[in-house]
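Good morning, colleagues. I would like to take a few minutes to go through one model, beginning with a single side chain and working outward to the sheet.

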Amino acid sequence: MCPSTGESIPHEVPKRDDDEAPKEPFPWHVGVYDAHCHPTDTMASISSINNMQARLLTIMATRGQDQDLVASVAEQHGITDLNELRESSSSETPKKVVPAFGWHPWFSHQLYDDSKDEEEEEEGEEVTDVQAHNRKTKHYSTVLSPPPDADFIASLPDPIPLSKFLQETRQRLLAHPTALVGEIGLDKAFRLPWGKVNESSSSSRNDGDLTPGGREGRMLSPYHVKMAHQVDVLKAQLRLAGELGRPVSLHGVQAHGVLFDALASLWKGHEKEVVSRKKQKMIAKGVSEDFSSSSSDEEEESDYSEFGLVGEPKQLHKIMKPKKKPYKPKPKPFPPRACLHSFSGPPQVLKQYLDPKIPVKCYFSFSMVINLGTAGGEAKFADVIRACPDGQVLVESDLHVAGEDMDGYLEDIARRICEIKGWGLEEGMQRIRRNYEEFLFG
């Protein structure tokens with residue numbers, strides 16, 4: 001998630017020596033999918049989605065003020081399955097949105113883990129103002145560092161029970177069958193802004209188009225959310241994604257090791273068995289051996305008379321063959337797939353996620369605004385792209401405004417990736433499209 005200002009970011013990219021060279025036309029017809037963006041931060045831009053060249057936008061929720069906004073956009077523009085995504089491509093008003101519901105680490109302090117409550121109210125018992133004040137003070141004093149003073153705590157919203165948020169998110173995910181869990185993750189760098197969170201429809205910058213609840217141009221304080229609390233909030237959402245079999249979109253800033261460890265703690269005990277080459281050869285040899293067909297003959301000669309059926313074995317087998325039920329993944333404590341959005345780590349960190357024992361299929365998306373927005377990002381970008389498997393790379397804008405700029409940033413990052421990978425544009429975009437479809441649908 002890039003810093004939101006509520007203004008469209010000018011579409012400017014780092015200059016290169018060949019920037020003035022003629023460019024190959026971009027293959028929008030292939031289907032370009034934005035794996036991560038935030039246009040609900042600027043609701044006035046939503047009307048431009050249908051006019052965009054991008055085929056699909058994956059729209060992230062991040063905090064209390066935008067969960068319902070993402071849901072409302074999905075109601076109007078959301079796809080329900082892969083067939084609809086492909087079939088509606090020829091429509092004049094194609095469905096173009098996949099929603100994601102989650103709580104961003106920048107706002108993780110606004111959730112309190114009520115599973116750790118020592119004082120449990122009786123059902124229906126009202127919480128007094130004094131109790132609410134004491135709970136708020138205790139919560140923020142516990143999860144923020146350095147310890148905040150009373151004035152800063154007073155400027156913060158009343159914290160929301162984590163269990164309440166998870167229940168609401170579960171309902172939103174069930175209502176939207178293609179929805180992801182996101183944006184979620186960990187951030188060591190972010191600090192809370194000064195001043196009271198704006199809850200109205202217009203921001204302190206007098207920009208009525210900006211969804212409230214974000215930074216809104218406020219100066220940053222010295223306070224940050226303790227990593228232990230961020231991890232608790234993250235794990236709760238990862239478990240929900242595992243329960244419902246949904247992929248996740250992950251944010252990780254200056255916390256690559258902690259993020260990996262948080263995921264690994266959930267998949268521990270569920271690692272895949274890695275078959276050695278020697279064992280693979282033994283298995284292949286066994287399969288190729290010519291066994292007698294007696295077992296299949298015996299199966300065909302099975303006695304179906306007990307069912308009152310008489311006839312040719314193969315015909316009877318067809319009659320008795322049970323109908324296949326739709327595949328439904330078993331709930332697990334970790335998500336089936338994860339996208340590390342605007343992945344900013346070095347190649348050696350990326351390679352951690354490629355261990356064949358890991359039961360989570362990991363993808364990596366890249367954006368102009370994060371990955372190529374600084375000299376440091378530019379310097380390592382080519383090595384990271386080369387280290388990323390061809391079948392696990394995605395593109396994103398990470399922009400807060402839908403429209404022409406979003407298309408432009410998607411095109412720019414896609415061109416850079418295809419150039420580094422040595423792909424033709426059409427070949428590259430077909431690969432990235434397939435990668436996204438596998439990430440979303442499995």
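**From Phe364 to the sheet**

Let me begin with Phe364, which, leaving aside residues up to four places away in sequence, touches Leu340, Phe343, Leu350, Tyr353, Leu354, Cys388, Gln392, Val393 and Leu394. Please bear in mind that this is a predicted model.

Phe364 belongs to the largest nonpolar core, a set of 90 residues, and is listed there with Leu250, Tyr353, Phe366 and Ile417 as having the most contacts inside the core. Helix α6, residues 227-244, supplies the largest share of this core, with eight residues. A second core, of 15 residues, lies apart from the 90-residue one; Tyr33, Leu56, Val98 and Phe439 are among its members.

I turn now to the sheet. Eight strands form an open sheet with parallel pairing, in the order β1-β2-β3-β7-β9-β10-β11-β12. Which strands stand at the edges? They are β1 (33-37) and β12 (393-395); each has a single partner strand, so one side of each is left without a neighbour in the sheet. On average, neighbouring strands here are turned by 30° against each other, direction ignored.

At the β12 edge, the pairing with β11 (residues 361-366) is parallel and comprises three bridges. Phe366 has Val395 of β12 as its bridge partner.

Finally, two helices lie across this sheet. Helix α14, residues 404-421, crosses β1, β2, β11 and β12, and runs at about 150° to β12. Helix α15, residues 425-441, lies across β1, β2, β3, β7, β9, β10, β11 and β12, running at about 100° to β12.

Thank you for your attention.

Terms used. Residues numbered from 1 in each chain as written. Predicted model: local features only at pLDDT ≥ 70, side-chain atom pairs only at ≥ 80, totals over all residues. Heavy atoms only, no water. Pairing = 2+ DSSP bridges. Helix = DSSP H or I, 4+ residues; strand = E, 2+ residues; numbered from the N terminus. Axes fitted to C-alpha atoms, helices over the stretch in contact; angles between N-to-C directions. Contact = heavy atoms within 4.5 Å. Core = buried A, V, L, I, M, F, W, Y, C linked by side-chain atoms within 4.5 Å. Buried < 20%, exposed > 50% of the residue type's maximum accessible area, 1.4 Å probe, protein only.
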